[in-house]
Each structure stands twice: as C-alpha cells, then as structure tokens.
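Student: Could you take me through this structure by asking, for each label, what justifies it? I would like every value set against its cut-off.

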Amino acid sequence: MIDMILASQIFNVDLLAASIRLSTPIAIAAIGATICERSGVVNIAMEGIMIVGAFFALWFSALTGSPWIGLFAGLVFGGLYSLIHAWATVTLHLDHTVSGAVLNILALGITRYMMVLAYGHPGTSDSIPVTLANYRFAVPLLSDIPILGPSLFNQTPIVYIMFLLVIFFTWFMKKTKVGLHIKASGEHPYALETIGVSVYKIRYLGVIISGLLGGVAGAYLSIENQSTFTEGMTNGRGFIAMAAMISGGWTPIGAFLAALFFGFAEAFQLRLQISGAVSIPGEFFTIIPYVATLAAVAGLVRKSKAPKADGKDFIIEKED
Amino acid sequence: MSPKEERNVVLETRHIAKQFPKVLANDDISITLYEGEILSLLGENGAGKSTLMNVLYGLYKPTSGKILLHGEEVEFSSPRDAISKGLGMVHQHFMLVDTLTVTENIILGAEPGRGGVIDYKKAREQVVAIAKKYGLRVDPDETIENLSVGLQQRVEILKALYRNAKILILDEPTAVLTPQEVDELFEVVKTLRNSGVSVIIITHKLEEVMEISDRCYILRRGRQEGERLTRGATKAELANLMVGRDVVLTVAKTPHTVAKDPIMQLEHVTVLNEKKVQALKDCSLDIHPGEIVGIAGVDGNGQSELAEVIMGLIPVESGRIMHEGEDVAKLSTRQRIFKNISYVPADRQEFGLVLPMTIAENIAIGYHEKMPYCRGLSLDYSYINRHAEELVASFDIRTSSALAPAGTLSGGNQQKVILAREFSREPTFLLVSQPTRGLDVGAIEYIHSQILAMRDRNVGILLISMELEEIFALADRIMVMYEGKIVKELDPEKTDEKEVGLYMTGGNA
Ligand SMILES: Nc1ncnc2c1ncn2[C@@H]1O[C@H](COP(=O)(O)OP(=O)(O)OP(=O)(O)O)[C@@H](O)[C@H]1O
Ligand SMILES: [Mg+2]
C-alpha cells in the first residue's frame, strides 16, 4: 500500500521537473516528425537520426571541449543523415517505411563504427568534462512562480530550446507561406505542384527539419542528460516520438503535450520503483510508459487524422 | 475559315508530341487559340486531351514540338512558368486541399505578405474582391471539404483568376456538375470571355460543345482528327469524328414485358448518415424483373445512401428490404451478392476496382473463393485468366491483355471491366449507379446497350443517375428523389426533362 508519506515522495515538484526533462527529447523528435509527415513523408527513422545526432554531439563536444559546438554538430549531422531519407523517398520514390527501417539499422552500424574509430572500442564513450547541464539557468521572475516556476523555468538549455520549438513551429505552420505549403504537400501534393510550388523541395525541407530536430533530440541525451554516448542509448525514444506525433494529432503543440504525458509516465514509474512502495520486480515498472503509450495511441489515434497523402509517393509522369 | 485572319492568336501549339513510357499520348498536334474565344477539345477517353493541356500548362514536358504564346516560342519548365505567362487550369480532378479554407486554397503559392509570413487579412480581402468582380460567390472562410462540387469548382476558377489568368483551361468541368451548376458555369465562362479571357474547355457532352464554344478540335488516339466551327456542325458529325465510326447517340429501346412479382422491394426504409441525420426518409420502391427503374435527382439527395443500404454497406434504421420476398436487411453485403444481387458503384476507382490488380483478378474478385475460380486453398489462375480473356473479348475491353493492371485502362474501359464482372454473374437484380460518368459517347453507347440487354434478359434494374438524358434513354419508370424522399413517380413517355428537373429541385408542378 502507498501511504501518505510515500505519496508525497512521489508526487512533488520534482516529479514535474523530471517529467519535463524526460519528455524533452521525445517532444523535439515528435515535432520534427510532425513537420515531416505534414509534408507527406512518413518518417520512422527518428530513432536512427537521434542516435546519429547523439553520437556526433558527444564526439564534437569531446574534440572541441565545447558542448555548444557539440549541439551544433548534433543538429547538422541529424540533418545530413535525414537527407538520405529525403533522397530515397522523394527522389528515388522508395517506400517510406522501408527507407526509414533501413536508416534505423544503418544508424546502429554507423555509430558503432564511429565509436571504434573514435574511442577504439564499441559500447560507451569516455565522458566529456563539460555538458550542457552545466549551463542550467533559472529564468528571473518566471522561476519564482510557485510549483510551476522551478520545474519549468529552472532548466537546462535544450529544455528551453524545446519550449521555443513548440512555439516556433506552431506559429510556423499556422502563419507562414512555407507552413501552408507543407500542409498542402501532405494533403494533396498535386494541388501544390499545379500552382507552381515544387513538392519535391517542400518534402525535402520537411524531412530535413525532422533531421535537424532529431539531431538535437539525440544531443540532449548524450551531452545534456548525460555526459557519454552509449550505443543504442535512444532506447526506443524515436518510436515513442512517433506515438506522440500520432496521439498529438500531427500538430506541434499536440506532439509536445503527448510527449509530456509519456515523460510523466516515465518519471512516475522511476519514482515508484525507487520508493519501493510496491514490491514487484522493477521490470514491471519499466513497462508503464510503454503501456501508457499503447493506451494513448489506441485511445487517441482514432480521433486524430493523418495527412491524406502521408507516405504516398509523388510523381508527375508515371512509368506505367 | 475566314475569322482566322482578323483575330489575334494568343496560343498555338506546333507539332506537339508526348510520349509516355508505354503510350504515345499526343502525336503531332497543332492547335490555335484566338483571343477571346471559347475553344473546345473533343475526344474519346484516353484520346490525349488532358495530356495536351498538361503540356500547355507546363506540368508535362513535350517530347517534341513547340508552344507559341502571342507568336513567341515559350518553354515551360513547371506550372509556375505557365502561370506567370497568364495560363490557368482547372484540372479534371480537383486540385484543392480539402482541409484548408477557400482563401488558403486560392492564395496557395501566391500568398500576400512580407517575408514569408502570410497576411491573411489582405488575402481574404483580395479573395472577396475577385469573387465579387466575377460574380463567383463563395464563403472565403469555409473549409473545402464542406463545399459542394459546384462550389469547389468555383474555387478552382477563382484560383486561376487570382493569378490573373488570361488563358483558362477547363478540363471536363461539367462531368461532376448538376444541370443547374452547368448553366451557372457557362454563364461565368461567357462573362470571362467577354472580359477578354480565352478559354479552352474539354467535355464529352456534344450539346455542351454546341452551346458554349465557337470552335472545336477533335482528337482521336493521340492524333488530331479535325477542326470544326460549332455553328454548322452536327452532333452526329462530331461523334463520328471522335469515335471513328457512326455512333448511335440514343440507343433504341424496345418495349419489354415486366413480370408481376417484384424482385426487389424497399418498404418504408429510413437511413441515417454519418452525422446521424436522416438521409433516406421512409422510402418505398419496387423493382420488377425486366424493367429499369431510374432514380433522378440532384447529387446528394440520398442516392448514395439508397445504393449503400440496398447493398448492405450501411444499416437500415427502420424498414425492410425484400429480395424475392425475403427480408435481406440484416444480411451482409457478401450474403446479398451471393443472392445474385449485383452492384455497379458510382465511384469505379474507389469501390469498383482494385486498380493495381490485373483485369483478370478484378473480374474474379468477390467470387474468388468459390468454384471454379479456386481449387482447394489456391486460386485457379489458369481458369481466372482464361475466363477474363473471354470477357475482355466479349465486352470489347481495350487492353493489351487481361493481365494488365486495371489502373492502366481508360475510364470507359475500367467501367467495362466492372460491367463484365457483374453482368457475367447472371444477376437477378442489378443496381447501377452513375454508369457513364465521365465517359465518351462511344463508351456510353456500349454501356447503355448492355444495360438494356440485361433488362431484356429479365433482370430487375435500379439505375441511379444524375444525367437526365441517361434516365430518359434507359428508364421504364422514373422516380424523382429530393431530400431523401421519393417525391414523384413519372412515366418517361409522358413527361419531359423540364418537369423532372422541377421535381428534382423541390418544386411541384
Ligand atoms: N502521367 C501519365 N503517365 C503515363 N501515361 C499517361 C499519363 N497520363 C495519361 N497517360 C496515358 O496517356 C493517354 C492519354 O490520356 P489522357 O488523360 O490525356 O486522356 P483524355 O483524353 O484526357 O481522356 P479522358 O477523357 O478519360 O480524361 C492514356 O492512354 C493514358 O493512359
Ligand atoms: Mg482527361
């Protein structure tokens, strides 16, 4: 039984702060995937993009001594890696799911190879002395708000970046020309092409945005949340991000809220596990966020509608 | 032809050819468009009309040949180039984003506003202004999916006008419109012509060609077959040029005796649509073997629900559906099909065929797990293909073989595949919805004669059509549907299109 003391150990200000921390990489990747799919390209490669971003962010931090340069490297390499997906799906007209699956596997190969090249062994890298966590700062005034303040506004850099991305992409999709083009490209690409906007370009852009954000999400794991890179450290977060994108109804704000929910489920299970309040094997707790994911997707998916041409190849002069 | 000399040529093609990997869609086409004229383009399904227009519009690159605009050679590498030179096109399949608003669709790609941010206020003003200027009323804030097809088309035209189109291409604009909407469209087209816009219009309906256009070109199998001034031309002549043989525009209907006991009866059937609104209200109807009952009505007055409820695709709310005296309202679609009820759906690509599958597979589908289409657990492809080859021959389906994917056929031939499948199953009751939408006169002639042949074989037929002409050509009895009700039964011998049209729009003569 959970008594009052235990309950207060689990449900406290820290829980919210931890939820936000845990949801950060998921939210960033989910927003990226959202933009990508709104443009009409299915992107199940977020997991692979994140792991690539995570490695290069760490490696460049180690090489230069600056986690900021590391963050930039994560961004750039995530973007570059996603270019393969854009090229395969848009230019070569390959099946989006197949390309994504291949990229996820390829990412494991690339990062292992790079590990051996850079550190002489697979597994876990040496840790970097300075991470982005060292740059934690409290936003004046805002962080003084009771309960919400400390958890939302006394955070590390990428968490703030995540907040900004939610706001930016919500605005971007609602108000800008390119945002409108992305929406049209995912719903009815021929409508876009026939008024003179290149669907290829818009879809490339959509995929690259997901790559850039996926890279940042990966960087969060290796140079902000931790100080090392470990092979496979994304641990399914790229896929959870897809679930968040779907439950969030393919909107940036929805993706963020869904990611927050998963982050909360994770934070909650960690606390429950540590508290020892319920005496069952720890593995069962680990399941909680995944079951929550499943439930959320099953419950919300029926209401949320994918872009109509999501995953559909776009080609003007068919070969047939 | 004398007017040629006096008028300005705005657009000209010289020896345009377009080769797709497997078909030569355009072969040496040279046409001229004069300033302020309405030109129509006629041709069978697959003749290459849309292809030619897409070449003009910069969507396809011509394999050879030239395009001249005001006498100057132009090369369009994308529709953007064509638009900037004053071309606008309303495509055969609408190019509208359903989930966006009217305004968003109109401004798409040419949005007002500084530095990448859309000025929605200005956009809306511009849309309202241009709609007012041409008398094309439409709510700028409505989402496309909530608009009727007629209004959607208006948005398409506004899209072209918003971009200052001086040459407007309309690819089969009337195929999906009601007669009233067609009249409205033609008014708009004439207004545009008078304001100096030159128009190219594609249609399969000869009377529309006669009514709206000054001149027409006829294409057949990718080649230019002729040019006529519409004044002076006859429908029969144009049809002959299109098809390459004499076409009977109205298939002869011989009197036929009707059996006394109905094969299909609807008794007080009420149906709800997705929004839980009554789409069919207390409908009663009976169809006897050997007769064609025609349902006339403006699209969206319950016809699709009528078809779906008979086939068991949506449940009845109340009432009975009697087939040979047995209530089938609770049976699944499959069980109904096995009672020899056949269905030719209105949307042939969505519901009638599996486009990537072969013609043979499409013919077997639905019956494929029955003898003789299968043997044990496996399909008997040698029978399936042989059977299909026979039907391809007897239904005159134009294809390289029965193993070609259904998606590669022209619209008319796709429809023939469905007819071949349904008619060869020897139905006792046949539900045919919109059998000739978008088809050319040759295909219509064939399909009408097949439907009449089924009637003469004592099949009870329910025909749903938005085309009054089709209803009059085929039906033995006319039922008019309005707002989910059958409002009137008429005898085609004793009524005319005008009277039916009146009931269709809720009037009562
Ligand atoms: N994008 C494409 N790729 C390959 N072949 C095509 C393509 N578009 C059309 N075709 C082929 O070119 C031929 C001409 O087609 P087109 O659409 O121009 O005919 P159409 O005259 O417009 O017919 P309809 O009256 O049915 O619209 C057809 O055989 C068609 O299958
Ligand atoms: Mg066409």
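**Labels and their cut-offs**

Student: What makes the meeting of the side chains of Glu207(B) and Lys235(B) a salt bridge?

Tutor: The side chains of Glu207(B) and Lys235(B) meet at 3.6 Å, N to O. A salt bridge is a side-chain nitrogen of Lys or Arg within 4 Å of a carboxyl oxygen of Asp or Glu, so the label applies to this pair. Glu207(B) belongs to helix 8 of chain B and Lys235(B) to helix 9 (residues 235-243) of that chain, so the pair ties together parts that are 28 residues apart in sequence. This is a predicted model, in which local features need pLDDT (the predictor's confidence in each residue, from 0 to 100) of at least 70 and side-chain atom pairs count only at pLDDT 80 or more, while totals for chains, interfaces and linings use all residues. Side-chain values use heavy atoms, without hydrogens and water, residues are numbered from 1 along each chain as its sequence is written, and chains are lettered from A and ligands numbered from 1 in the order in which they are written.

Student: Why is Glu207(B) called partly exposed?

Tutor: Its relative accessibility is 30%, and buried means under 20% relative accessible area, exposed over 50%, and partly exposed in between (1.4 Å probe, protein chains only), so Glu207(B) takes the middle label. Lys235(B), with 35%, is partly exposed as well.

Student: What are the N-to-O distance and the partners in the salt bridge of Asp476(B)?

Tutor: Asp476(B) meets Arg455(B) at 2.7 Å, N to O. Asp476(B) sits in the loop between helix 17 and strand 22 (477-482) of chain B, and Arg455(B) in helix 16 (residues 441-456) of chain B, so the pair ties together parts that are 21 residues apart in sequence. At 21%, Asp476(B) is partly exposed, whereas Arg455(B), at 2%, counts as buried.

Student: How do you know that helix 3 of chain A is largely enclosed by the rest of the structure?

Tutor: Of its 19 residues, 14 are buried, so the surroundings largely enclose this helix. Helices (H or I, at least four residues) and strands (E, at least two) are DSSP runs, numbered from the N terminus. Helix 3 (residues 46-64) reaches 26 Å from its first C-alpha to its last, close to the expected 27 Å, a span reckoned as 1.5 Å times one less than the number of residues.

Student: What makes Ser50(B) and Gln92(B) ligands of the magnesium ion?

Tutor: Ser50(B), through OG, and Gln92(B), through OE1, coordinate the ion (ligand 2) at 2.0 to 2.2 Å. Ser50(B) is in helix 2 (residues 49-56) of chain B and Gln92(B) in the loop between strand 7 (87-90) and helix 4 (102-107) of chain B, so the pair ties together parts 42 residues apart in sequence. Donors are N, O and S atoms within 2.8 Å of the metal (3.2 Å for Na, K and Ca), so both atoms qualify, although sites may look incomplete, as water is not among the atoms.

Student: How far is an oxygen atom of ligand 1 from an N or O atom in the side chain of Ser50(B)?

Tutor: The distance is 2.7 Å. A polar contact is a pair of N or O atoms within 3.5 Å, so this pair qualifies; within protein, one atom must be able to donate a hydrogen and the other to accept it, and residues adjacent in sequence count only if both atoms are side-chain atoms. For His204(B) the corresponding value is 3.0 Å.
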